[in-house]
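Take a look at the chain below before reading on. Try tracing the backbone from one end to the other.

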Amino acid sequence: MLKFTPILLAILYGLVLYRFSVWRTGRELDQKSTELADPVLKRLTDQMAASLDLPRIKVHIYEIDPVNGLAAPDGRIFITRGFYRKYRNGEVSAEELASVIAHELGHVALGHSRRRMIDFSGQNALRTALAMILSRFVPFVGVYIAGFLTTLLAARLSRSDEYEADAYASALLVKSGIGTGPQKTLFTKLEDLTQSRGGSAPAWLMSHPKTAERIAAIEKNEERWSVSGQDA
Ligand SMILES: [Zn+2]
């Protein structure tokens, strides 16, 4: 029993760290957010709400600068102030921002947002616990193995989630009469932005698969949907 005590302690420590991090993220979102109120965007989110038979889609502004969108585990959708600013100064269109909202809605609808919290908050906790355990068996390199395993797991989880959220967003955008055009142009815009800034990608792109592959996946869906549409 004594032999396993350190492992149990490491797991316990990881769990505590995870709970604390979830709590802190939730509190941070509460304190640093306001409801989005923009008439043009509201018209678009109302169109999407109608397609989903919802009274409305509530979106919040998260007061941070990095360009990002996120879905909280409680189902709330956030667009960062930095992203909203890009819309206000005309770099990103209302339809393009709506496509981000549709993508985040996809994460909520498909139940990813809880799992994604593991991406955001749990990654550190898991890495720490694994490092504590592995270091006992493989001194020095245990920490690196833990980091590698955690990153691998998170990447696998998030990659398939992103494609699913993209497909959900495409379907919703088509049904709402907005179309997938803005979804694709936004990816290209954000990537151009990355190049002009010398390689520092907006957070929203970094946590997602490659732009070209995402656009290709969207087009493949459209093709499939239009073929099955003709059959029906
Ligand atoms: Zn996503």
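This report goes through the overall build, the sheet, the cores and a few single residues.

## The chain as a whole

This is a predicted model. The mean pLDDT of the chain is 83. A pLDDT of 70 or more is reached by 85% of the residues. Confidence varies along the chain. Among its elements, helix H2 has the highest mean pLDDT, at 96. Helix H8 (residues 203-206) has the lowest, at 60.

The chain has 9 helices and 4 strands. Read from the N terminus, the order is α-β-α-β-β-β-α-α-α-α-α-α-α. The chain holds 232 residues, and 31% of them are buried. Now take the contacts with a separation of 6 or more. Of these, 65% join residues 24 or more positions apart.

## A sheet of four strands

In what order do the strands of the open sheet lie? The order is S1-S2-S4-S3, and the pairing is mixed. Strand S1 (33-35) and strand S3 (69-71) are the edges, and each pairs on one side only. From one strand to the next, the twist averages 30°.

Now go through the pairs. S1 and strand S2 (residues 59-62) are antiparallel, with 3 bridges. Here Ser33 has Tyr62 of S2 as its bridge partner. S2 and S4 run parallel and are joined by 4 bridges. Tyr62 appears again in this pair, standing opposite Thr80 in S4. S3 and strand S4 (residues 77-80) are antiparallel, with 3 bridges. In S4, Ile77 stands opposite Ala71, and Phe78 stands opposite Leu70.

## Around strand S4

S3 and S4 form a hairpin with 5 residues between the strands. Gly75 in this hairpin takes a positive phi near 95°.

Is S4 covered on both faces or left open on one? Both faces are covered. Ile77 and Ile79 are buried on one side. Phe78 and Thr80 are buried on the other.

## Two nonpolar cores

The largest nonpolar core has 34 residues. Which of them touch the most other members? They are Ile79, Leu97, Ala98, Ile101 and Ala102. Many elements contribute to this core. H2, S2, S3, S4, helix H3 (81-88), helix H4 (94-109), helix H6 (142-175) and helix H7 (181-196) each supply at least two residues. H4 gives the most, with 7 residues. Another core lies apart from this one. That core has 6 residues, among them Tyr18, Ala125, Leu126 and Leu130. There is a general trend to recall: in soluble globular proteins, nonpolar side chains tend to be buried together.

Ala98 is worth a look of its own. Leave out residues up to four places away in sequence. Ala98 then touches Leu41, Leu44, Thr45, Met48, Ile178 and Pro182.

## Leu29 and its contacts

Leu29 sits in helix H1 (residues 5-31). Leu29 counts as partly exposed because it has 17 C-beta neighbours inside 10 Å. A residue needs 20 or more to be buried, and 12 or fewer make it exposed.

Which residues does Leu29 contact, beyond its neighbours within four places in sequence? They are Tyr62, Ala72 and Phe78. Leu29 and Ala72 are 43 residues apart along the chain, yet their C-alpha atoms are separated by 8.6 Å. Two of these partners have appeared before: Tyr62 is the bridge partner of Ser33, and Phe78 is buried in S4.

## A positive phi at Asp53

Most residues other than glycine have a negative phi. Asp53 is not a glycine, but its phi is positive, about 60°. Where does Asp53 lie? Its place is the loop between helix H2 (39-51) and S2. Asp53 counts as exposed, because it has 6 C-beta neighbours inside 10 Å.

## What the record lists

An unreviewed UniProt entry lists residues 6-23 and 137-155 under "transmembrane region". What is the make-up of the span 6-23 in the model? This span is 100% helix and 0% strand. The C-alpha atoms at its ends lie 26 Å apart.

Key. Residues are numbered from 1 along each chain as its sequence is written. This is a predicted model: local features need pLDDT of at least 70, side-chain atom pairs count only at pLDDT 80 or more; totals for chains, interfaces and linings use all residues. Two strands pair if DSSP finds at least two bridges between them. Axes are lines fitted to C-alpha atoms, for helices over the stretch in contact, and angles run from 0 to 180 degrees between N-to-C directions. pLDDT is the predictor's confidence in each residue, from 0 to 100. UniProt positions are given in the numbering used here, feature names are shortened, and annotations may be inferred rather than shown by experiment. A nonpolar core is a set of buried Ala, Val, Leu, Ile, Met, Phe, Trp, Tyr and Cys residues joined through C-beta atoms within 7 Å. Two residues are in contact if their C-beta atoms, placed from the backbone, lie within 7 Å.
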